[in-house]
Amino acid sequence: MIIVGVGVCMALIAAIGLLSARRVRGDSTNYLVAGRSLPAAMVATLLVSQAVDSNATLGNADLAAGFGFWAGAALPLGLALCLLLLGLFFARRIRASGAVTLPEFFQRRFGHGTRLAASALTVGSFAILLAGNLVAIGFLFEHFSGLSYATGIWLTIPLAVLYTLFGGMFAGLSTGLAQFALNTVGIAALTIWMATSHGFSVPEGLGPGDLEQLTSTEHGAAINWATLIALGLGNLVAIDLTQRIFSARGPRDARTAALSASAGIVVFCLPLSFVALAAVSVVGDRAADGPILYVLLGDHAPTWLAVLVISGLLAASLTTIGGILLATSSVVVRDVLRVDDGAEVMTPRVLRATRLVMPPIALAATVVALRVPQTGILLTLTFDLLLASLIAPFILGTFWRRGGARAAGAAIVVGIAVRLVCFVFTPTIYGTENTLLHVSNDWLSASIDGWSTFLAAGASLLAYLTVAAFEPAPAPRAEAQPTEEAAPAAADAGLAPAR
């Protein structure tokens, strides 16, 4: 009964996404960034819907139930921190730049080589993030329908690809608004039901007051802080997040949307940490049978509540999957293949090429999901890689004139090299077994797990500062004359118009 109800909701969400294709009208600007026309409220809804997906919700619940409140809460708090920083310091600048993809933003500061490196890193890491959402959906099919985990994933991919393929950013907006409404009601109802039916009991040592989770490495403090920082900083260069910022109708709307979404994520996601902690005593030994929210909803909650909550979470995952497919495809087409690069307007060729690139990216993410059946871990790993490579060039390049392409290249190469070495030779990933790529050795043990996040980010920062110290301050880069829309936006953000 639950899977039937969820299936009906998913079909309606997909239909809404397909109907939004009419708003594209063959214009790639509409397709990629919704015509740069969205008000702050709509952009904020998209930003929240991007965060309230199965990675952040099921991952939050599983980590809280298994390792403590702060292990789970680090996911939404990290995402909220990112949007707070984005709103305070970056959103207006990003929107005023007139770029369509994040690598284009990097090119304006560091040149074409950095644009290509940023493209490769963001597309690769976001294939991992896409995989995390597929994992949650695979588990749902396995838990509620009797189908295998792999079958559930293979059934989901065509649905997500289909409506994104035709509707683009407008599809993400339509489905995002629908899932926002579903999740608002669903999470509130779940929290009230848990409070009135079972209460919020907290297992010993796992509660928010057990601060050893933040102060003792034996209780996972290094991993919890690494999760918070990876999401809080690494997500600043998330290509799906920045694409939503590019879709705002102006810099002020972009800033307001980011700040509003930061608060919204905390309100949405933190209650799930408390629900998960209380669920430990409710489900008992069955907690090992799958994601704890699925076990709680499938075996203990009323059917109507299970349908409502699961539909909302899966709608969020489909929205996120669509956003990732759109963002990664546009990066491949515009920044790697450079289809119609330099054109003043985005052409139908860009639109066709973006649609053709989506299925291969979805296939790559499916392979990762089949190899690493984890949710929150894949979310954290995505932004861990970005933190190790792109954050130092992004932040320092935005606010500091010293350091050019060489400094950015050094930061990227050194940071990602350190992180990949630690990843390959460490037997665990954020407390779980490294089943993706591990080489047995006697050099690195599980004790470095968590610390490697800070080590790689520190190495990247040091590399940038070292190279920048020996480089002269770069001359202002000549840029294209802004359009009539871009010039006021640049002035609004406090940036000099391009000359």
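At what angle do the axes of helix H18 and helix H19 cross? This tour of a predicted model starts with that pair.

**Stop 1: H18 and H19**

Select residues 405-425 for helix H18 and residues 451-469 for helix H19. Their axes cross at roughly 160 degrees and come within 7 Å of each other. Angles over 145 degrees count as roughly antiparallel, so H18 is roughly antiparallel to H19. The crossing of H18 and H19 is right-handed.

Now show the side chains where the two helices meet. On the H18 side, select Arg-406, Ala-407, Ala-408, Ala-410, Ala-411, Val-414, Gly-415, Val-418, Arg-419 and Cys-422. On the H19 side, the residues are Ser-452, Thr-453, Leu-455, Ala-456, Ala-459, Ser-460, Ala-463, Tyr-464, Val-467 and Ala-468. Coloured by class, this contact of H18 with H19 shows 14 nonpolar, four polar and two charged residues.

As you read along the numbers, keep one rule in mind. An α-helix has 3.6 residues a turn, so residues three or four places apart point the same way.

**Stop 2: Ser-460**

Stay on helix H19 and select Ser-460. Is Ser-460 buried or exposed? Its relative accessible area is 0%, and buried means under 20%, so Ser-460 is buried. Leaving aside neighbours within four places in sequence, Ser-460 is in contact with Ala-388, Ser-389, Ala-392, Ala-411 and Gly-415. Ala-411 and Gly-415 are among the H18 residues from the previous stop, while Ala-392 leads to the next one, where Ala-392 is one of the contact residues of H17.

**Stop 3: H17 and H19**

Add residues 391-399, which are helix H17. The axes of H17 and H19 lie 9 Å apart, at an angle of about 45 degrees. That makes H17 oblique to H19, and this crossing too is described by its hand: right-handed. From H17, show Ala-392, Pro-393, Leu-396 and Gly-397; from H19, show Ser-460, Leu-461, Tyr-464 and Leu-465. By class, the contact of H17 with H19 has six nonpolar residues, two polar and no charged.

**Stop 4: Tyr-464 and the aromatic rings**

Centre the view on Tyr-464 and add Phe-110. Which kind of pair do the rings of Phe-110 and Tyr-464 form? The ring centres are 6.3 Å apart and the planes stand at 80 degrees, so the pair is edge-to-face. In the chain, Phe-110 of helix H6 (residues 102-110) and Tyr-464 of helix H19 are 354 residues apart. Both Phe-110 and Tyr-464 are buried.

Widen the selection to Phe-89, Phe-90, Phe-105, Phe-106, Phe-394, Phe-399 and Trp-400: together with Phe-110 and Tyr-464 they form one aromatic cluster. The count for the model is 14 aromatic pairs.

**Stop 5: Phe-139 and Tyr-149**

Move to another aromatic pair, Phe-139 and Tyr-149, whose rings are tilted at 45 degrees with 5.0 Å between centres. Phe-139 is in helix H7 (residues 112-144) and Tyr-149 in helix H8 (residues 149-197), ten residues apart. Phe-139 has a relative accessible area of 19% and is therefore buried. Tyr-149 is also counted as buried, at 11%.

**Stop 6: H13**

Finish with residues 292-299, helix H13. How many of its eight residues are buried? Six are, and H13 is mostly covered. To see the buried residues of H13, select Ile-292, Leu-293, Tyr-294, Val-295, Leu-296 and Leu-297.

Terms used. Residues numbered from 1 in each chain as written. Predicted model: local features only at pLDDT ≥ 70, side-chain atom pairs only at ≥ 80, totals over all residues. Heavy atoms only, no water. Axes fitted to C-alpha atoms, helices over the stretch in contact; angles between N-to-C directions. Helix = DSSP H or I, 4+ residues; strand = E, 2+ residues; numbered from the N terminus. Parallel < 35°, antiparallel > 145°, perpendicular 65-115°, else oblique. Left-handed = near helix turned anticlockwise from the far one by under 90°. Contact = heavy atoms within 4.5 Å. Nonpolar A, V, L, I, M, F, W, Y, C, P; charged D, E, K, R; others polar. Phe/Tyr/Trp six-rings, centres within 6.5 Å; stacked < 30°, edge-to-face > 60°. Buried < 20%, exposed > 50% of the residue type's maximum accessible area, 1.4 Å probe, protein only.
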